[in-house]
Amino acid sequence: MAIVFQKPKVLTDAPMHYCPGCTHGIVHRLVAQAIEELGVEGKTVGVASVGCSVMCYDYFSCDMVQAPHGRAQAVATGLKRARPENVIFTYQGDGDLAAIGTAETVHAATRGENITVIFINNAIYGMTGGQMAPTSLPGQITQTTPYGRDVNTAGYPVKVCEMLSTLDGVAFAQRVTVNNVKNVNMARKAIKKAFQNQLDGKGYSIVEVLSTCPTNWGLSPVEALKWLEENMLPYYPLGVYKDVEEGVKVK
Amino acid sequence: MKVLMKGNEALAQAAISAGCRHFFGYPITPQTELAAYMSKQMPKIGGTYLQAESEIAAINMVLGASAAGIRAMTSSSSPGISLKGEGISYMAGSDLPAVIINVQRGGPGLGGIQPSQADYWQATKALGHGDFQILVFAPSTVQEMVDLVSKAFDKADEYRMPAMILADGMLGQMMEPVSLPEEGEKKLPEKPWAASGHQGKRTHNIINSLYLTPDKLEALVRERYARYETVKEKEQLCEEYLTDDADLILVAYGASSRVVRSAVNKAREKGLKAGLIRPITLWPFPVNALQKAASHAKAMLAVEMSMGQMVDDVRLAINCKLPVHFYGRTGGMIPTPAQVLEQIEKLI
């Protein structure tokens, strides 16, 4: 019987711990698929960050390093500088990348570190049980904004792709989502490009994936996708924010 | 051949000689010359000098580089070491080797920039959260800085744990003649555990400190502590100076031990039987030498550039068998030989 569809080999057989309807599973698959298609599993090292996805070190079959909270891109910098021939990626949530790890993110980006950053933006802290994230929307109800995020006291959401695209060290920044087949395909291409850029030595590449957190949003998986479409997509427009064809490193 | 070198530069050159090609740092006084030396030398030898955005980032770059299986180093001074504590805890929990230099200055807070030994507790007991130790070496001369950097890299690799050189602003800034190790590629140990890319030849390596199952975490911590027992058994280092017939044993390390040595010499000139035990490893603490000395001496006197931190370990080492006194200056003040001699005269 012909096999027409199967799990990428870069995903292990370890059972994933993610909640039903969470989009981490889709993004894991897309990352694994990109690594497999590019044939670089043997020289890829992933960096797992603190948050729901921390245990992705068990799910990807390449070598993995677990970083302290927010420090994934500093760890990735060390890994890449130590072995420039390796392919280094980080997989980070919004709390990790855009709150506690903002400095590490901005400076890895401005240095033009030749790494691939996969950024999961689901507008909430998932693992700790649904607190306000740096990317929570104005008015969004979370455990720590029970009356809705008041921008007068809690400030405004961080728009990561917009912010990083102002930095000269960033070669590629694209925001995607995985709410339907069309968008999953777009995300697949963006993620593969972010890895290909590293192989081509182009410099810092980031893909922001708008994601759902049905559990902490208090919605069913289907309702969560609808919430993402109605609330997140208008605030965080999809698209390519930066794409420097020739790369950002001065040759 | 001996060359005249500043302590901070000697630390840097010693790291390069030990096979370190990756240095990640952040500017802070009084370790400044170390990073400057690295920034000048590393590009010439194909190494990496990277000025990080913070001490936090720098130690995590070291974590990444060490995870990749190579020798990496960072340096800082007291307030910066506080920031590195998080990363060092993660490295200890992930069994990663590295060398961290602390050129101590006065504290707490921003403190001052003059020499101090007030980070003893931090280095030996409370560098970060969780049950762990790191190796702590305390040089007292520029030559010893060179020798201990090399040892620190070797021992860190051997035991898979971070190692610290606990120096201070005086040692970092002073110049002394040193013999540098022979240049030439040192054979570095294999690291089959490293996240260096499996090349399809083995299952994936995971560098990790997260264990949500308590019995698994406890077992791992216990395995680490069994290793620490080996370290305590095999790696204690100290210098004993005129201790055989001493009535009063002074205990001092690093910069303050230089002052104490002068005071002991002056005491001997006056016929006072004083001796010095100078710990070279602060963790493991040289318990054996202190216990031996406690069997014949009448009292001990710890001298530190702090309000009294190592003195606790002296008391514990000899199980309070002898009276243990303390003399210290802090805030960047350095005790004089005359001040220490005055203490000796009071006690003998």
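**Entry 1: a pair of strands in chain B**

I began with B:Phe24 and found that this residue stands opposite B:Leu50 in E3(B). The model I am reading is a predicted one, and I keep that in mind for every entry that follows. I then looked up the strands around this pair, and E2(B) and E3(B) turn out to pair in the parallel sense over 4 bridges.

Next I asked which sheet these strands belong to, and I traced an open sheet of 7 strands in chain B, in the order E3-E2-E4-E5-E7-E6-E13, with mixed pairing. At its edges I noted E3 and strand E13 (281-283) of chain B, each of which has a single partner strand, so one side of each is left without a neighbour in the sheet. I also looked up the twist, and neighbouring strands of this sheet are turned by 20° against each other on average, with direction ignored.

**Entry 2: where chain B meets chain A**

I turned to the contact between the chains, which takes 35 residues from chain B and 28 residues from chain A. On the side of chain B that touches chain A, the elements giving two or more residues are strand E2 (22-25), strand E3 (48-51), helix H3 (55-67), helix H4 (78-93) and strand E9 (206-207) of chain B. Of these, H3(B) gives the most, with 9 residues. I sorted this side of chain B by class and have 18 nonpolar, 15 polar and 2 charged residues.

**Entry 3: a sheet that takes strands from both chains**

I followed E9(B) further, and found that this strand and strand E2 (residues 63-66) of chain A pair in the parallel sense over 2 bridges. Within this pairing, A:Met64 stands opposite B:Ile206 in E9(B). The open sheet has 8 strands in the order E7(A)-E5(A)-E6(A)-E4(A)-E3(A)-E1(A)-E2(A)-E9(B), and its pairing is mixed. I marked strand E7 (239-243) of chain A and E9 of chain B as the edge strands, since each pairs on one side only.

Inside chain A, I looked at strand E4 (residues 116-121) and strand E6 (residues 204-210), which run parallel and are joined by 6 bridges. There I noted that A:Asn121 stands opposite A:Leu210 in E6(A). I also found helix H2 (residues 72-82) of chain A lying across strand E1 (44-48), E2, strand E3 (87-93) and E4 of chain A, and running at about 175° to E3(A).

**Entry 4: the two domains of chain B**

I looked up the domain assignment of chain B, which gives domain 1 (2-184 + 222-234) and domain 2 (238-347). The C-alpha centres of these two domains of chain B lie 26 Å apart, and 26 residues of domain 1 are in contact with 22 residues of domain 2. Among the elements that give two or more residues to the domain 1 side are helix H5 (120-124), strand E7 (162-168) and helix H8 (214-234) of chain B. The largest share of that side, 4 residues, comes from H5(B).

**Entry 5: two helices that cross**

Last, I examined helix H9 (residues 254-269) and helix H12 (residues 337-347) of chain B, whose axes come within 8 Å and cross at roughly 55°. H9(B) and H12(B) are therefore oblique to each other, and their crossing is right-handed. Where they meet, I listed B:Val259, B:Val260 and B:Ala263 among the residues of H9(B), and B:Val340, B:Leu341 and B:Ile344 among those of H12(B). By class, this contact has 8 nonpolar, 1 polar and 1 charged residues.

Definitions and conventions: Residues numbered from 1 in each chain as written. Chains lettered and ligands numbered in written order. Predicted model: local features only at pLDDT ≥ 70, side-chain atom pairs only at ≥ 80, totals over all residues. Contact = placed C-beta atoms within 7 Å. Nonpolar A, V, L, I, M, F, W, Y, C, P; charged D, E, K, R; others polar. Pairing = 2+ DSSP bridges. Domains from an automatic or database assignment. Axes fitted to C-alpha atoms, helices over the stretch in contact; angles between N-to-C directions. Parallel < 35°, antiparallel > 145°, perpendicular 65-115°, else oblique. Left-handed = near helix turned anticlockwise from the far one by under 90°.
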